[in-house]
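Open the model in your viewer and keep the selection tool at hand. Each stop below says what to pick and what is there.

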Amino acid sequence: MRKNKTTKNFTNFKMDNEVYKQRRQVMNIIYEVKNLGLNIPRIDVRIGEDKSCNVLGKGRLNDNIIWITPRAINKGENYLRHTVLHELIHTIYGCGHNSKCHLMKAYQPTTIKSKDKLLQLFKNYYNKYNNIKQMEVAWI
């Protein structure tokens with residue numbers, strides 16, 4: 001079955017050299033996660049613009065596809081990392097926003113934690129949800 005590569009209020013950019021460079025930056029962050037030894041699924045990445053100027057990215061819940069805006073990419077490496085990890089949690093685990101978690105707040109905080117802290121927060125979600133899946137398999 002083919003995945004729907006579009007999402008509401010978001011226009012995907014046509015692939016060219018500039019869009020490829022932006023997409024590569026997002027992919028590098030996904031590879032950072034994989035290089036930690038975390039077994040995450042293949043993630044489709046789209047670059048484009050959202051009709052709402054404030055949106056940095058979108059992730060379709062439980063569908064392994066994310067959309068990132070150039071605005072998120074141009075904010076800086078750690079801001080981009082925060083956005084990508086946030087959207088990965090949406091799309092891989094189906095989690096909603098959590099005002100008590102730095103990584104999963106609905107709006108990006110003005111101060112972003114370090115690369116190591118952001119990756120640790122992602123690992124916490126990874127461990128939490130993978131342990132739940134393992135427990136479900138054990139009960140079958």
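The expected span of a helix is 1.5 Å times one less than its number of residues. Keep that rule for the first stop. Note too that this is a predicted model.

**Stop 1: helix α1**

Select residues 17–35, which form helix α1. How far apart should its ends be? With 19 residues at 1.5 Å a residue, the helix should span 27 Å, and its end C-alpha atoms are 26 Å apart, which agrees.

Go to the start of α1. Show the side chain of D16: one of its oxygens comes to within 3.1 Å of the backbone nitrogen of E18. Now move past the other end. Just after α1, G37 takes a positive phi of about 90°.

Next, colour the buried residues of α1. They are V19, Q22, V26, M27, I29, I30, E32 and V33. Then pick Y20, also in α1. Is Y20 buried or partly exposed? Its relative accessibility is 44%; buried needs under 20% and exposed over 50%, so Y20 counts as partly exposed. For a distance across the model, add I92. The C-alpha atoms of Y20 and I92 are separated by 23 Å, with their positions 72 residues apart along the chain.

**Stop 2: the sheet**

Select the strands. In what order do they lie in the sheet? The order is β1-β2-β4-β3, in an open sheet of four strands with mixed pairing. β1 (10–12) and β3 stand at the edges with a single partner strand each, so one side of each has no neighbour in the sheet. Turn the view to see the twist. Neighbouring strands are turned by 35° against each other on average, direction ignored.

Now bring back α1. This helix lies across β2 and β4 and runs at about 125° to β2. Then select residues 77–93, helix α3. Helix α3 packs on the sheet too, touching β3 and β4, and its direction makes about 150° with that of β4.

**Stop 3: strand β4 and its partners**

Zoom in on β4, residues 65–68. Which way do its side chains point? I65 and W67 point one way, I66 and I68 the other way, and all of them are buried.

Add β2, residues 44–50. β2 and β4 pair in the parallel sense, over four bridges. Pick I47 in this pair: its bridge partner in β4 is I68.

Swap to β3, residues 57–59. Here the pairing with β4 is antiparallel, over three bridges. G57 has I68 as its bridge partner in β4. G59 stands opposite I66 in β4.

**Stop 4: asparagines with positive phi**

Stay with the hairpin of β3 and β4, which has five residues between the strands. Select N62: its phi is positive, near 55°. Then select N64, in the loop between β3 and β4. N64 has a positive phi of about 60° although it is not a glycine.

Now jump to the segment before β1 and pick N9. N9 is not a glycine either, yet its phi is positive, at about 65°. With a relative accessible area of 36%, N9 is partly exposed. For background, most residues other than glycine have a negative phi.

**Stop 5: T69**

Select T69, in the loop between β4 and α2 (70–74). Its relative accessibility is 2%, so T69 counts as buried. What surrounds T69, leaving aside its neighbours within four places in sequence? T69 is in contact with F10, G48, D50, V55 and L56. Look closely at V55. Its backbone oxygen lies 3.4 Å from a polar atom of the T69 side chain.

**Stop 6: the cysteines**

A disulfide is a covalent bond between the sulfur atoms of two cysteines. How many disulfides are there, taking sulfur pairs within 2.5 Å? The count comes to zero. Select C95 and C101 to check. C95 is in no disulfide, and the nearest cysteine sulfur, that of C101, is 9.2 Å away. Likewise, C101 is in no disulfide, with the sulfur of C95 as the nearest cysteine sulfur.

Finish by checking accessibility. C95 has a relative accessibility of 6% and so counts as buried. C101 is buried as well, with a relative accessible area of 10%.

Technical notes
Residues numbered from 1 in each chain as written. Predicted model: local features only at pLDDT ≥ 70, side-chain atom pairs only at ≥ 80, totals over all residues. Heavy atoms only, no water. Helix = DSSP H or I, 4+ residues; strand = E, 2+ residues; numbered from the N terminus. Buried < 20%, exposed > 50% of the residue type's maximum accessible area, 1.4 Å probe, protein only. Polar contact = N/O pair within 3.5 Å; in protein donor to acceptor, adjacent residues only side chain to side chain. Pairing = 2+ DSSP bridges. Contact = heavy atoms within 4.5 Å. Disulfide = S-S within 2.5 Å. Axes fitted to C-alpha atoms, helices over the stretch in contact; angles between N-to-C directions.
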